[in-house]
Amino acid sequence: MWVDTLHKWFDHELMGVANDIMRRPRADVQLGPDRWITQADWPAPTRTVTLRPRQDGSLLRGPSKGDGSFLDTKQAELAMAENPATANPNRLAYLTPPLKGAARLSGTPTVSLKVKLDKPAANLGVLLVDYGTDTRIHGVDPAQGQGLKLIDGHDCVGEGTADDDGCYLRAGDNTITSGFQVVSRGIIDAQNRRSLSRPAPLAPGRPYQITWEMLPQDYEFKAGHRLGLVLTGTNADLDQAVLGEGETATGARVAVDLAGTSIALPLVISG
């Protein structure tokens with residue numbers, strides 16, 4: 001129980017109790033509804049698997065070629081990620097074949113795009129998506145909350161006081177059955193490709209290699225599911241939740257050189 005761990009840490013740090021808290025595993029990881037594992041640290045030991053988008057819409061290892069383009073428009077993640085096989089001028093979507101076995105992401109994906117713009121600026125967005133119908137934790141993206149819901153009852157630990165009754169509201173997994181789930185995301189203003197504090201406009205028509213980290217995540221892709229890479233512009237959900245209401249899309253056309261585009265995934269070493 002997490003409260004026991006919390007109390008042990010406070011006992012050790014605040015009261016000087018010589019307990020075993022500093023020798024215990026550092027991470028409890030949730031892999032799905034009611035699925036938890038404990039491990040020594042986080043992220044887990046991984047190997048980097050690099051996938052590249054192809055002209056036919058696939059996402060595979062090995063070299064690629066071809067190109068594509070999209071407009072930097074302001075969209076919600078649902079519109080960006082749904083129906084990946086349907087042509088959409090505001091995004092590019094690529095999928096792996098169905099997985100032969102489960103694959104677990106643990107850590108921080110990195111994406112690299114080779115692009116040309118027709119304007120000096122564009123917002124670039126990337127989504128890593130799990131495609132496959134499943135019952136999942138609802139709340140991985142900013143618009144959905146934190147994946148928990150309150151349930152009836154309380155759990156009480158130790159004695160209470162007038163200021164702290166020692167009881168906690170019970171919570172359970174907030175789940176949803178869906179055809180896909182956004183697993184991780186990454187956004188960048190192309191002008192901040194070198195520095196977050198010193199923007200540098202791009203020369204229209206000139207190619208640029210832009211590489212950045214996506215949000216860290218721990219997530220298991222089940223056998224039979226497909227990994228999706230969605231390239232798009234301004235993320236309306238992150239705009240509202242993180243950036244505030246002032247961020248607007250540039251309307252720039254983003255031409256993508258697929259030979260210079262990839263996503264590097266830290267996947268857990270099995271066995």
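Which residues have the most contacts inside the largest nonpolar core? Keep that in mind as you open the structure, which is a predicted model.

**Stop one: the core**

Select Leu124, Ile210 and Leu231: these are the residues with the most contacts inside the largest nonpolar core, a set of 37 residues. Now add strand β16, residues 253–268, which supplies the largest share of this core with six residues. A second core, separate from this one, has nine residues, and you can find it by picking Ala81, Ala93, Leu95 and Val182, which are among them. As background, nonpolar side chains in soluble globular proteins tend to be buried together.

**Stop two: around Leu231**

Centre the view on Leu231 and show what surrounds it. Setting aside residues up to four places away in sequence, Leu231 touches Phe70, Arg91, Leu92, Tyr94, Leu113, Gly125, Val126, Val256 and Thr261. Keep Val126 selected for the next stop.

**Stop three: an open sheet**

Colour strands β6, β15, β9 and β12 in that order, and you have an open sheet of four strands with antiparallel pairing. Its edges are β6 (91–95) and β12 (175–189), each of which pairs on one side only. From one strand to the next, the twist averages 20°. Look next at β9, residues 123–137, which pairs with β12 in the antiparallel sense over 13 bridges. To see one of the partnerships, go back to Val126: its bridge partner in β12 is Gly186.

**Stop four: Ser112**

Move to strand β8, residues 110–117, and select Ser112 within it. Is Ser112 buried or exposed? Ser112 counts as buried because its relative accessibility is 13%, and the cut-off for buried is under 20%. Draw a distance from the side chain of Ser112 to the side chain of Thr211, where there is a polar contact at 2.7 Å. Then widen the selection: beyond its neighbours within four places in sequence, Ser112 is in contact with Gln209, Ile210, Thr211, Gly260, Thr261 and Ser262. Two names here may look familiar: Ile210 appeared at the core, and Thr261 is touched by Leu231.

**Stop five: β7 and its partner**

Finish with strand β7, residues 103–107. How many of its five residues are buried? The count is five of five, so β7 is mostly covered under the under-20% cut-off. Now bring in strand β14, residues 217–221, which pairs with β7 in the antiparallel sense over five bridges. For a residue-level view of this pairing, select Arg104 together with Glu220, its bridge partner in β14.

Methods:
Residues numbered from 1 in each chain as written. Predicted model: local features only at pLDDT ≥ 70, side-chain atom pairs only at ≥ 80, totals over all residues. Heavy atoms only, no water. Helix = DSSP H or I, 4+ residues; strand = E, 2+ residues; numbered from the N terminus. Buried < 20%, exposed > 50% of the residue type's maximum accessible area, 1.4 Å probe, protein only. Polar contact = N/O pair within 3.5 Å; in protein donor to acceptor, adjacent residues only side chain to side chain. Contact = heavy atoms within 4.5 Å. Pairing = 2+ DSSP bridges. Axes fitted to C-alpha atoms, helices over the stretch in contact; angles between N-to-C directions. Core = buried A, V, L, I, M, F, W, Y, C linked by side-chain atoms within 4.5 Å.
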